[in-house]
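Take a look at the fold below. The walk starts with charged pairs, then moves to strands and the core.

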Amino acid sequence: MLFFFMVFIPNSQAGSSRIIATGGTSEIEGSAGGGIVPWAVINGYGSSGEWAATAMASWVAVDDFTLNVVGASVSYDNQFELSIAKQTFNLDSLGGELGQDILGIKYKLAGDLLYSKMPQISVGMQYKKVDDFGLPSAVGAQDDSGLDIYIASSKVFLDVVAGRNLLLNATVRATKANQIGLLGFGSVNSTDYQLMVEGSLAVLLRDDLALGYEYRQKPNQLDFAKEDDWQDIFLAWFVNKHFSVTAAYADLGDIAGFEQQKGWYLSVEGAL
């Protein structure tokens with residue numbers, strides 16, 4: 001019933017103050033952003049003095065693996081965001097599964113996505129802990145938990161692509177995570193943080209429809225198998241301020257010795 005309620009509430013009845021699509025969607029670690037990259041935006045549509053909340057479910061199926069994610073977040077004042085996500089990574093060809101819990105916090109430092117010349121700039125942290133350290137330890141990971149720290153900058157440029165708006169986002173992340181943390185943190189060769197660059201661009205085909213591309217650089221620090229960067233092409237439809245759907249074609253590269261892992265991504269988000 002909640003699904004149908006969110007789909008069929010018309011935009012004019014939405015009680016939130018911000019423009020549709022300005023909250024982004026929920027990325028696979030639970031923070032507001034695209035599919036695989038956290039953006040500087042704060043979740044939901046709450047503005048000054050307002051609360052917002054989201055819930056999401058995401059599914060990524062590539063050749064030999066499937067990732068399922070459920071999560072939720074709350075925000076206040078378009079300034080603070082708290083998020084939680086549970087990831088389950090099914091090893092379809094090998095058998096078994098990996099999982100991790102992620103707690104996130106984000107704070108808007110300056111700027112605005114739409115209303116200032118300065119891009120919106122936010123800092124965030126994601127604390128991650130794997131469910132079972134057996135397999136990550138066996139392949140050389142050093143820790144079962146880790147903390148990602150990032151700074152993100154997002155801006156919408158009006159009327160720049162055939163009269164349509166363009167969103168650009170850049171994120172720099174300090175991380176020790178192997179395969180975003182599903183294979184633990186650090187390695188026998190390195191326990192230092194590494195700086196990774198992530199980026200997104202999206203053209204708003206309509207006010208409620210975005211076509212975009214994302215790229216996420218990742219560490220490559222386990223000896224047993226190469227770890228590649230991730231990328232995807234996505235289409236996000238913001239049905240109204242309460243419900244959005246994102247579909248993508250994802251290229252996750254080599255994972256745990258399995259080459260060229262490509263497939264589909266689907267995510268739904270509800271917001272109040």
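A salt bridge here is a side-chain nitrogen of Lys or Arg within 4 Å of a carboxyl oxygen of Asp or Glu. D208 and R206 form one, with their closest N and O atoms 2.9 Å apart. This is a predicted model, and the distances come from its coordinates. How exposed are the two partners? D208 counts as buried, because its relative accessibility is 18% and the cut-off for buried is under 20%. R206 is partly exposed, at 42%.

Other acidic and basic residues go further than a pair. E29, K128, D148, R173, E198 and R216 belong to one network, joined by salt bridges that share partners. The structure holds 17 salt bridges.

Which residue does K86 bridge to? The partner is D101, and the closest N and O atoms lie 3.3 Å apart. K86 sits in strand β5 and D101 in strand β6, so this salt bridge ties together parts that are 15 residues apart in sequence. K86 has 27% relative accessibility and counts as partly exposed. D101 falls in the partly exposed class too, at 38%.

R164 and D207 make another salt bridge, at 3.7 Å from N to O. This pair links distant parts of the chain, 43 residues apart. R164 lies in strand β9, residues 164-175. D207 lies in the loop between β10 and β11. R164 is partly exposed, with a relative accessible area of 28%. D207, at 55%, counts as exposed.

Now turn to the strands. β14 covers residues 262-271 and pairs with β3 in the antiparallel sense, over nine bridges. Within that pairing, S58 stands opposite S267 of β14. β13 also pairs with β14, again antiparallel and over nine bridges. There, S244 stands opposite E269 of β14.

T246 is a good place to stop in β13. Is T246 buried or exposed? Its relative accessibility is 4%, so T246 counts as buried. What surrounds this residue? Beyond its neighbours within four places in sequence, T246 is in contact with T25, F234, L235, A236, Y265, L266 and S267. S267 is the β14 residue that stands opposite S58.

For the side chains of such strands, a general rule helps. In a regular strand, side chains alternate between the two faces of the sheet.

Next comes the nonpolar core. The largest one has 40 residues. Which of them have the most contacts inside it? They are I28, L67, F89 and L252. Several strands each supply at least two residues of this core: β3, β4, β5, β6, β10, β12 and β13. Which strand gives the most? β12 does, with four residues.

L67 shows how this core is put together. Leaving aside neighbours within four places in sequence, L67 is in contact with I28, S58, W59, V60, Q87, T88, F89 and L182. Two of these contacts, I28 and F89, are themselves among the residues with the most contacts inside the core. S58 appears here too, as a contact of L67, and S58 is also the residue opposite S267 in β14.

The strands recur across these themes. β5 holds K86 of the salt bridge to D101, and β5 also supplies at least two residues of the largest core. β13 supplies core residues as well, while pairing with β14 along its edge of nine bridges.

How values were computed. Residues numbered from 1 in each chain as written. Predicted model: local features only at pLDDT ≥ 70, side-chain atom pairs only at ≥ 80, totals over all residues. Heavy atoms only, no water. Core = buried A, V, L, I, M, F, W, Y, C linked by side-chain atoms within 4.5 Å. Buried < 20%, exposed > 50% of the residue type's maximum accessible area, 1.4 Å probe, protein only. Contact = heavy atoms within 4.5 Å. Pairing = 2+ DSSP bridges.
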